[in-house]
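Here are some exercises to work through with the structure open beside you. Try each task before reading its solution.

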Amino acid sequence: MRTHVVDHPLVAHKLTVLRDETTDSPTFRRLADELVTLLAYEATRDVRVEPVEITTPVSPTTGVRLATPKPMVVPILRAGLGMLDGMMRLLPTAEVGFLGMVRNEETLEASTYAERLPEDLSGRQCYVLDPMLATGGTLAAAIRFLTDRGADHITAICLLAAPEGCRRLEDDLSGLAVPVTVVTAALDEKLNEKGYIVPGLGDAGDRLYGVAG
């Protein structure tokens, strides 16, 4: 597994505002959307393309287009939905699947409660959207779910990651014969006793959509 922390002043600036507890939900959503597009630019460096012949106003030439099958973008519900528009802005022709996973707050283990994905993902590059790589259990389970269906290249885009989550991901995916890359805006200090990233930015889902009553 490879972890890529995007080192860019605009990424750092937007992340700083996201971390601020005084940032309201509308501003948080907008900045998360913008930040994801910046992360997606780095995350898609290895997206598969194929040559295509075109004619410019001056002459014929050879360019590239996204290869078939098209990449699959998979937000993990619910917080991953807040990252979808920013990703699709860069990959508008990609297909979208959904994976609903929930973390047990006592055991910190993840389970799947909903999915809308093709049964066969053979030959697919998948881009998983999950704002927080905290304990790592949810993302590891999602990646295993996709590779069990045949996905052969996984890139996870996370706003933040914790060292414990990265280690858990490496341990849980050891022996997996599929390349996995995590692209994130920052690798933070640690997890606290509740499994939240420190300094982090709080609960991404709550900050995106508000706290459900």
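**Exercise 1.** Which residues does V96 touch, not counting residues up to four places away in sequence?

Solution. Bear in mind that this is a predicted model. Start by locating V96: it lies in strand 5, residues 95–96. Next, list its partners beyond four places in sequence: V96 touches M72, V73, P75, L84 and M88. Then look at its exposure. The relative accessible area of V96 is 32%, so it is partly exposed, given that buried means under 20% and exposed over 50%. Finally, check one C-alpha pair: V96 and R116 are 8.9 Å apart in space, with their positions 20 residues apart in sequence.

**Exercise 2.** At what angle do the axes of helix 1 and helix 2 cross? Work out the orientation, the handedness and the residues involved.

Solution. Begin with the geometry. Two packed helices are described by the angle between their axes and the distance between the axes. Helix 1 covers residues 9–19 and helix 2 covers residues 25–43; their axes come within 10 Å and cross at roughly 155 degrees. Because angles over 145 degrees count as roughly antiparallel, helix 1 is roughly antiparallel to helix 2. The handedness of this crossing is left-handed.

Now pick out the contact. Helix 1 brings L10, V11, K14, L15, V17 and L18, while helix 2 brings F28, L31, A32, E34, L35 and L38. Sort them by class and you get ten nonpolar residues, no polar ones and two charged ones.

**Exercise 3.** Is A32 buried or exposed, and what about D33? Compare what each one touches.

Solution. Take A32 to start with. It is found in helix 2, and with a relative accessibility of 2%, A32 is buried. Leaving out residues up to four places away in sequence, A32 touches L18 and L208. As for L15, it sits 17 residues from A32 in sequence, and the C-alpha atoms of the pair are 8.1 Å apart.

Move on to D33, also found in helix 2. Its relative accessibility is 15%, so D33 counts as buried too, the cut-off being under 20%. With the same sequence neighbours left out, D33 touches D85, G86 and R89. For a C-alpha distance, try E95: that residue is 62 places from D33 in sequence and 18 Å away in space.

**Exercise 4.** How many residues does the largest nonpolar core have, and which element gives the most to it?

Solution. Count the core members: there are 38 residues, and those with the most contacts inside the core are L18, L35, L39, M87, I157 and L201. Then see where the core comes from. Helix 1, helix 2, helix 3 (84–90), strand 8 (125–129) and helix 6 (204–209) each give two or more residues to it. Helix 2 gives the most, with eight residues. Another core lies apart from this one; it has 28 residues, including I154, L173, L176 and V182.

To finish, zoom in on L39. With neighbours within four places in sequence set aside, L39 is in contact with V6, I157, C158, L159, V183, T184 and A185.

**Exercise 5.** Where is T155 found, and which residues is it in contact with?

Solution. T155 is found in strand 10, residues 153–158. It has a relative accessible area of 3%, so T155 is buried. Setting aside neighbours within four places in sequence, its contacts are A43, C126, Y127, V128, T181 and V183.

**Exercise 6.** At what angle do helix 4 and helix 5 pack? Follow the steps of Exercise 2.

Solution. Helix 4 (residues 137–148) and helix 5 (residues 163–172) pack at about 30 degrees, their axes 9 Å apart. Since angles under 35 degrees count as roughly parallel, the two helices are roughly parallel to each other. Helix 4 passes helix 5 in a right-handed crossing. G137, L139, A140, I143 and R144 from helix 4 meet R168, L169 and D172 from helix 5. By class, that contact has four nonpolar residues, one polar and three charged.

**Exercise 7.** Which residue does a cis peptide bond join to L77, and which one does the cis bond from V198 lead to?

Solution. L77 is joined to R78, with omega about 0 degrees. R78 is placed in the loop between strand 4 (72–77) and helix 3. From V198, the cis bond leads to P199, with omega near 0 degrees. P199 is in the loop between strand 14 (197–198) and helix 6.

Technical notes:
Residues numbered from 1 in each chain as written. Predicted model: local features only at pLDDT ≥ 70, side-chain atom pairs only at ≥ 80, totals over all residues. Heavy atoms only, no water. Axes fitted to C-alpha atoms, helices over the stretch in contact; angles between N-to-C directions. Helix = DSSP H or I, 4+ residues; strand = E, 2+ residues; numbered from the N terminus. Parallel < 35°, antiparallel > 145°, perpendicular 65-115°, else oblique. Left-handed = near helix turned anticlockwise from the far one by under 90°. Contact = heavy atoms within 4.5 Å. Nonpolar A, V, L, I, M, F, W, Y, C, P; charged D, E, K, R; others polar. Core = buried A, V, L, I, M, F, W, Y, C linked by side-chain atoms within 4.5 Å. Buried < 20%, exposed > 50% of the residue type's maximum accessible area, 1.4 Å probe, protein only.
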